[in-house]
Amino acid sequence: MRSNKVNQYDVVIVGGAMTGASLALALDRLSLGTLRIAVVEAVSPAQSGHPGYDARSIALSLGSVKLMSQLGLWSALVSEATAISRIHVSDRGHAGLARIAAHEYGTQALGYVIELAHAGAVFHEQMAQSDQIDLICPAHITAIERNSDRVTLQLSTGDSCQARLLVAADGGASTCCSLLGMTSRETDFGQVAVIANVSSALPHQGEAFERFTPSGPLALLPMSQGRSSLVWCLPPEQQQDVLGWSDEEFLANLQSAFGWRLGKLTKTGQRYVYPLSLRQAERRISHRVAVVGNAAQTLHPIAGQGFNLGLRDVMTLAEEVIAGAQQGQDIGGAAVLSRFRQRRDPDQQATIQMTTGLVTMFANEHWPMVVGRNAGLMAMHAMETLKSPLVKRAMGQVDR
Ligand SMILES: Cc1cc2nc3c(=O)[nH]c(=O)nc-3n(C[C@H](O)[C@H](O)[C@H](O)COP(=O)(O)OP(=O)(O)OC[C@H]3O[C@@H](n4cnc5c(N)ncnc54)[C@H](O)[C@@H]3O)c2cc1C
C-alpha cells in the first residue's frame, strides 16, 4: 500500500452519520478521552443531500433517550425534539384499533421525534470539540489491509490510517463489508417509503399515527412547528405517480389514505423516496472488524426501530472496547469482539423478527390474516398482556 501519511489510532470508524458519530462520542466519553479515534466520512455535513443527515425525522425510543443522556448528548438534542405522548394504530377499512398512551406507562412520553439534520449538526459540533476524535471528511476508504495486530485503511485523500479496531458504520451498502468480502442477505419488501413534512388543520398534540392500508403502512410522527413527519410506504410502481402529483393532489391522496384524525391536511414540504428492503450482514464481526448500525442491519421503517437498534449496537461495542482496554486486552482482538457479538445477536434477531412480522402481517389481504390482525389490534387495545411486550420494545426497554 502506498500512501503519503500514516495516522495512528485506537479505533477507526468508517461512516460519520447517526451510528458512526454516536459511536465516536460514546467511545470518547465512556473512555474519559483515553482512546484515539478517527471517523472517516465521505460527505461533509454542510453538503445538501447528506445521505445520513437528510430531511427525515426519526422516533427515538425512551431507551435511546436514556442512552443519549448517558453520553451527555440528549441535552443538546432535546431543544428540537417533539415528545410522543400517544400512539394511534389503525387498519384502513377494518375495525381494529389500538391506542397507546404514555400516562398508562407512568411516563410523560413514549419516545421523542428528532430531525436528522439537527442531530447531524449536534454530533459534528460535539466531535469537533473533542481532542481525541479526528473527523476525516470528505474522504472515503479505497482499500483495507489487515494483519495480526492492526488494520490499515487507504483513504481517497492519499493518506492512510492504522488502528487496532475498524468499525464499519457506513450504512446499508457498506463499502467496508464489500472490501472485506463480508456478504449480506437481502429481502426486498416490494415497497418504497415516501417521506414529507405535512401541516394539518388540527394540532397533533404529540400523537403519532400508524395506519395500515392495502398498499402499505403509513405513519405520521409529531414534529416541530405543529407539523407531522410522514412515512408512506407504497408499491414501487406508484413512486413516479406520487412524485409527479402537485402538492394539492398529493395532499388529497394522502387525506384519503390517512383519514381525518388531524383534520384537513393543509400543506406539504418536499417529497423524498427511499427503497425498502431488509438487509442483514451475514457476520457482524471479523478479524479486527465490527459492523454496526445500518451496515449490520437495515430494517423496514414500519416500527421506527432502525437507529434505536443501531444505538444499542453502539453502546454495547463501546462498553466492550472500554472494558477490554481497562483489563489490558487487545481492543480489536477476538475476545472483545466475540463478547460484542454474543451480546448483540438476541436483540438483533428479536427486533428483525418483530419488524418483519409486522410488515408481513399487514401486507396480507388474505381474509383469515385480516380477521386475525383486527382481532389482534382490538386485543392489543383491551389486553395489557399483549400490548406490553410490543410497547416495551417500541419504548426501547430492551436488554442488551
Ligand atoms: C423513511 C425512514 C424512516 C425511518 N424512521 C426511523 C425511526 O423512526 N426510528 C429509528 O430508530 N430509525 C428510523 N429509520 C432508520 C434510521 O434512519 C437509520 O437506522 C439510521 O439513520 C442509520 O444510520 P447509519 O449511520 O447506520 O447509516 P447511514 O445513515 O446510511 O450512514 C452511513 C454513512 O456512511 C458514509 N459512508 C458510506 N460509505 C462510505 C465510505 N466508503 N467511506 C466513508 N464514508 C462512507 C455515508 O456518507 C453516510 O454518512 C428510518 C429510516 C427510513 C429510511
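Q: What makes Gly328 worth a look after α8?
A: Gly328 follows α8 and has a positive phi, near 75 degrees. Helices here are DSSP runs of H or I with at least four residues, and strands are E runs of at least two, numbered from the N terminus.

Before going on, a word on the source. This is a predicted model, where local features need pLDDT of at least 70, side-chain atom pairs count only at pLDDT 80 or more, and totals for chains, interfaces and linings use all residues. Residues are numbered from 1 along each chain as its sequence is written.

Q: How do you know that the span of α8 is close to the expected one?
A: The expected span is 1.5 Å times one less than the number of residues. Helix α8 (residues 306–326) has 21 residues, for which 30 Å is expected, and α8 reaches 31 Å from its first C-alpha to its last.

Q: Why is α8 called largely enclosed?
A: A residue is buried if 20 or more other C-beta atoms, placed from the backbone, lie within 10 Å of its own; 12 or fewer make it exposed, and values in between partly exposed. In α8, 17 of the 21 residues are buried, so the helix is largely enclosed by the rest of the structure.

Q: What makes a residue part of the shell around the ligand, and which are the closest?
A: Its C-beta atom, placed from the backbone, must lie within 6 Å of the ligand. There are 36 such residues, the closest being Gly15, Gly171, Gly293, Gly304 and Gly306. With 4 residues, α8 gives the most to this shell.
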